[in-house]
Structures are given as structure tokens and as C-alpha cells.
Amino acid sequence: LAMASPGSWRLGAQLPAARLPAAAWLQAVLVAFGMWPSASSAETPSQRLRFVTFLNRFDRRFAFLQVSAEANDLHPEILGMGRTAWWPDGLGVKINCLRHYVTTQCADEDIILFADAFDALVMGGGPEIVAKFEAVERENNRSLVFNAEQVCYPPVGGVCDDYPSSPDKRWRHLNSGLMIGRASALKRMLDKPVPNVIRGSDQQWYQSYFRQHPEEVHRDVRCQVLCAIWGFGDASAPPERQGEESAQIEHFGAALQDRRIRIPTFDTLPPLVHLVSAGHWANWESGASDPTLHKLFKRLYPEESKFLLDGWWIGAHLGSTHDIVAYSGEGYWAAMRALLCLSCNVFRSKAGECHYFSGFFCERCWWPTTVGLLMIALTLVLCCSSRLRDMLRMPCTLVTRFIGKNPLPRVAPRAD
């Protein structure tokens with residue numbers, strides 16, 4: 001603002017003069033002296049939430065996080081696109097990307113929410129996430145919160161020795177796939193860059209920090225904000241399936257109820273859910289590769305799941321300009337099951353999903369085995385039939401050859 005004449009102000013040298021009302025003039029003065037909230041200081045709690053993830057290359061599994069976040073009016077920022085990273089040891093890059101973001105983009109009071117890109121679902125909006133985080137922060141006097149899981153990983157460097165207890169063994173060990181905290185707390189934790197290659201993954205680094213600084217880190221062992229689960233049961237299942245679903249709820253400690261995951265043990269509704277370990281592994285119980293994560297996503301977002309994840313795509317990407325599509329459409333899971341039966345039982349593959357295909361005559365392999373045996377039998381029959389025909393032809397061939405070498409005398413026709 002530049003004063004042009006008494007009672008008028010000019011916005012820059014080339015803008016026309018604009019008169020400010022007395023009330024606006026007074027407000028500007030109060031803002032300048034810190035006696036009136038500015039636009040930035042009047043932000044709502046959800047506007048102070050910064051939601052980020054790490055994704056170094058495009059992957060269809062990002063749909064789980066993106067679709068569920070957008071449904072709750074959240075839009076994660078992507079860190080690390082194009083960076084070289086791999087699981088497990090090459091994920092120090094993930095920590096360094098988060099460190100750069102926090103130290104260059106975030107004010108100390110900002111609330112930073114980090115979620116893994118491929119196996120987490122958002123189930124609550126920004127205001128709910130902030131309110132529940134602030135409640136956990138006050139209750140535990142810690143400004144850095146991680147989700148907790150059943151298994152301690154990785155068992156490297158003694159991080160799993162004498163691990164702190166929890167109210168329920170299913171939520172005991174720190175997992176770095178979901179974290180939320182004040183930017184000031186993350187800046188303290190990430191004050192120095194880490195190696196891009198870390199034995200045991202980025203989680204080993206976070207585990208080490210937690211064991212060295214337990215007063216700084218809180219594990220969400222009651223699933224108040226962040227919750228890691230392996231599976232769930234459907235609380236609204238029809239009567240004929242209620243027994244089975246109740247057993248699942250009891251086993252996994254999680255129930256799907258009114259489009260939210262509820263944790264009955266603590267009666268909590270975590271706004272972020274992480275499907276860890278077996279929760280995102282291939283599951284062939286339905287006859288198709290249907291992980292629990294995909295099953296839950298399909299229940300919540302059937303149209304998006306059908307469009308983005310349910311079908312098959314076979315082809316090739318050529319540079320940045322061309323796609324060759326050999327097939328795009330419904331999946332032929334019977335063919336995939338037959339291939340896995342062959343891979344697991346003939347070639348002795350060590351893939352984790354091979355426990356669903358153990359034995360030639362197991363539930364999922366008996367029919368491809370039967371079809372294979374029938375094809376082998378048919379081939380043998382055809383081969384044998386061919387040889388049989390050759391054997392039957394042999395006498396005729398010998399006779400023909402004999403006659404060819406010893407032709408019968410020709411009888412001349414009679415003249416009369």
C-alpha cells in the first residue's frame with residue numbers, strides 16, 4: 001500500500017487509487033500490530049493438517065488411499081516421485097523426502113499426517129483427525145504418534161528386545177506406515193538426513209528412534225487415530241453369516257459397521273486404517289486374488305474398485321507416448337489358478353500364496369490337475385492309435401511291395 005493523498009491509498013505504483021472505509025483502515029492497523037487475527041491465523045483446525053505420502057512411481061494400488069481420502073475431502077501430497085527406492089532396504093529415501101518436506105514447507109504447529117501409499121484407507125475427515133490427534137497428544141503428552149501392530153518388524157539391531165507392553169497384543173509394536181504429529185516433533189526426530197539404504201527398511205530406523213526416545217513417541221495402542229489391522233468381520237452380516245463374521249471380529253478385533261472400522265475392545269472408530277501384512281497379501285479363499293484390503297475397499301467404493309482395480313490389463317507401455325493393449329477387461333482367474341498350481345507344485349515356487357495351492361489335488365488344483373491328466377491321456381491315446389494304424393498298415397504294405405516286385409502274369413484277351 002502506498003499513500004496517494006490523505007484518506008486514500010494506492011496498491012502499487014500502477015493500480016488505480018482505492019479508498020478504504022474507516023473500519024477497514026482500522027482493521028489493517030490492528031492486524032499490523034498483532035491485535036486482529038490475520039487470514040492465516042484464522043485457519044480452522046483441518047486447514048492446519050498437512051497430509052502426505054511417498055510414491056516414487058505410478059501404481060494402481062494408490063487408488064486405495066487416494067479414493068478414500070478424496071471421499072473424506074482430503075487430498076494427499078505425493079513425495080518422492082521419480083526417486084530410486086525399493087523395499088525393504090532402499091527406503092531411507094522415504095524418510096529423507098519427508099524430512100525435506102517438513103523442514104521446508106511446514107510451520108512448527110502444523111499437524112503432519114503421513115500414510116503409506118498402497119495399503120491405507122482414510123475413514124474420517126480432517127476435523128475428526130485433528131480433534132482425535134489433539135486428544136491423544138494431551139492425554140499422553142507426546143506430539144508424535146505411530147500406529148501399532150501385532151508383529152515386531154524388522155528384528156534387526158535389537159529393536160524388538162524387551163519391547164514395551166500394550167493393553168492388547170494385536171496393537172503393540174510400532175509400525176511406520178501411519179504417523180501423525182506436530183511438525184516441531186518431526187523436525188526434532190528428523191534433524192539430520194539418514195542413509196538412503198537402511199538394513200531392515202525405514203521402519204527399522206523409526207523403531208530405533210522410538211526405543212531411544214520413548215518420551216517423544218506414542219504408539220496408538222488403542223486405535224484412537226491410527227489403527228493397523230490384519231482383517232475384519234462384518235457387523236451387519238445377514239443372520240446366516242453372523243456366526244462366521246462374529247468369529248472374524250473376535251479374531252481380528254475389528255468390525256465393519258456403518259462404513260467405518262470399529263475396534264470393539266476399545267470402542268474406538270479410527271479415522272485412518274492400515275491393512276498390514278496379511279491384510280494386503282493375496283487371498284484366494286474366494287477363488288480370485290482378493291486381499292482383505294481390496295475386499296474392504298470394494299465394499300466401500302464398488303464403482304471405483306470396478307473401474308480401477310477389479311479387472312485385468314495385459315500390454316506394454318512404450319516410453320511416454322504409446323501403449324500396446326493386448327487385453328483389458330474381466331479377469332480370467334481360473335487361468336491364473338491353473339498357472340499357480342503348476343508354479344507351486346511342479347516348479348516348487350516359494351511364493352507366499354502357494355499355501356493356497358499346496359498339492360495337485362487340493363481344493364484349487366484338482367480340476368486343472370484333472371484336465372491336465374486327461375490331456376496327457378488323450379495325447380497318449382492318439383500317439384498309440386497312430387502306431388496301431390501303422391501296425392495294421394504293415395501287412396498291406398508288405399503285400400503291395402511283394403506284388404510290385406513279382407507282378408502276376410497278364411492274360412491276353414481271346415481273339416474270338
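**Close-up A. Y163 is tucked away in this predicted model.** With a relative accessibility of just 7%, Y163 falls under the 20% cut-off and so counts as buried. Its partner here is F210, and that residue is buried too, at a relative accessible area of 4%. The ring centres of Y163 and F210 sit 5.9 Å apart with the planes at 45°, so this one goes down as a tilted pair. Y163 belongs to the loop between β8 (144–149) and β9 (173–182), while F210 is part of helix α6 (residues 202–212), so the contact ties together parts of the chain that are 47 residues apart in sequence. If you want to go hunting for others, the whole structure holds 13 aromatic pairs.

**Close-up B. W312 and W333 meet edge-to-face.** Here the planes are at 90°, and the distance from centre to centre is 5.3 Å. W312 comes from strand β16 (residues 312–318) and W333 from helix α10 (residues 333–345), so to speak a link between distant parts of the chain, 21 residues apart. W333 has a relative accessible area of 25%, which makes it partly exposed. Zoom out a little and both tryptophans turn out to belong to one aromatic cluster, together with W284, Y327, Y332 and F357.

**Close-up C. The second largest pocket, with a volume of about 660 Å³.** There are 27 lining residues, and the ones closest to the pocket centre are N283, E285, D290, T292 and K295. What is the lining made of: nonpolar, polar or charged residues? It is an even split, with 9 nonpolar, 9 polar and 9 charged. As for secondary structure, β12 (233–234), α7 (242–252) and α8 (292–300) each put at least two residues into the lining. Which of these gives the most? That would be α7, with 5 residues.

**Close-up D. Two charged side chains sit over aromatic rings.** K295, one of the residues closest to the centre of the second largest pocket, has its charged end over the ring of F232, 5.8 Å from the ring centre. The other case is R61, which lies over the face of F118 at 4.5 Å from the centre of that ring.

How values were computed
Residues numbered from 1 in each chain as written. Predicted model: local features only at pLDDT ≥ 70, side-chain atom pairs only at ≥ 80, totals over all residues. Heavy atoms only, no water. 1 Å grid on protein atoms, 1.4 Å probe; cavity = no way out; pocket = protein on both sides within 12 Å on 5 of 7 lines; lining within 4 Å. Points joined across faces, edges and corners; volume = space filled by probe spheres on them. Helix = DSSP H or I, 4+ residues; strand = E, 2+ residues; numbered from the N terminus. Nonpolar A, V, L, I, M, F, W, Y, C, P; charged D, E, K, R; others polar. Phe/Tyr/Trp six-rings, centres within 6.5 Å; stacked < 30°, edge-to-face > 60°. Buried < 20%, exposed > 50% of the residue type's maximum accessible area, 1.4 Å probe, protein only. Lys NZ or Arg CZ within 6 Å of the ring centre and 35° of its normal.
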